[in-house]
Amino acid sequence: MTSGAPVPGERDPGLQPERTRLAWRRTTLASTVVAVLAGKAGLAGGASAGVLAAGAVCCAGWVGVLAVAQRRIRGLAGVGEPERLAARWAVGVVVCVLLTVGGGVGVVLG
C-alpha cells in the first residue's frame, strides 16, 4: 500500500520543468512587450535612420529570445530528465535580451 508520500532521494520531475517552462514564457512575453512598445514609440516619434536601426536591433533580439525560448520549451517537454541548457545558448539569450532592451531604449530616446 502506497501512501503517496515522496521517497527520500527520489526526484519528482513534474514541477521543476513546468516552472522553467513558465519562466521561459514570461521572458518571451516581456521581450515581446519591449519590442511592441519600441515599435509603437518609433512610429509615434517619426522614422529617422537611428530609430529604424534601433528598431531593427530590438526586433533581432526579440527573434533570438523567441528562438532560444522555443528550443528550451521543446527540450523540457521530453520524457525523463531534461537536458541542461548549453552555455552557448545561455550566453546567446542574454545577448538577445540585451539587444532587445538596448534597441528599445534606442527607439525611445532616438
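The following dialogue examines how the terms applied to this predicted model are justified.

Mentor: Local features in this predicted model need pLDDT of at least 70, side-chain atom pairs count only at pLDDT 80 or more, and totals for chains, interfaces and linings use all residues. Residues are numbered from 1 along each chain as its sequence is written, and side-chain values use heavy atoms, with hydrogens and water left out.

Trainee: Why is Cys96 called buried?

Mentor: Its relative accessible area is 14%, and buried means under 20%, exposed over 50% and partly exposed in between (1.4 Å probe, protein chains only). Cys96 therefore counts as buried.

Trainee: Why is Cys59 called partly exposed?

Mentor: Cys59 has a relative accessible area of 40%, which lies between the two limits and therefore earns that name.

Trainee: How do you know that Cys59 is in no disulfide?

Mentor: A disulfide is a pair of cysteine sulfur atoms within 2.5 Å. The nearest cysteine sulfur to that of Cys59 belongs to Cys58, 5.6 Å away, and the structure holds zero disulfides.

Trainee: Why are H2 and H3 called roughly antiparallel?

Mentor: These helices (DSSP runs of H or I, at least four residues, numbered from the N terminus) pack at about 150°, with their axes 7 Å apart. The axes are lines fitted to C-alpha atoms over the stretch in contact, and angles run from 0 to 180 degrees between N-to-C directions. Angles under 35 degrees count as roughly parallel, over 145 as roughly antiparallel, 65 to 115 as roughly perpendicular and the rest as oblique. H2 and H3 are therefore roughly antiparallel.

Notes: Helix = DSSP H or I, 4+ residues; strand = E, 2+ residues; numbered from the N terminus.
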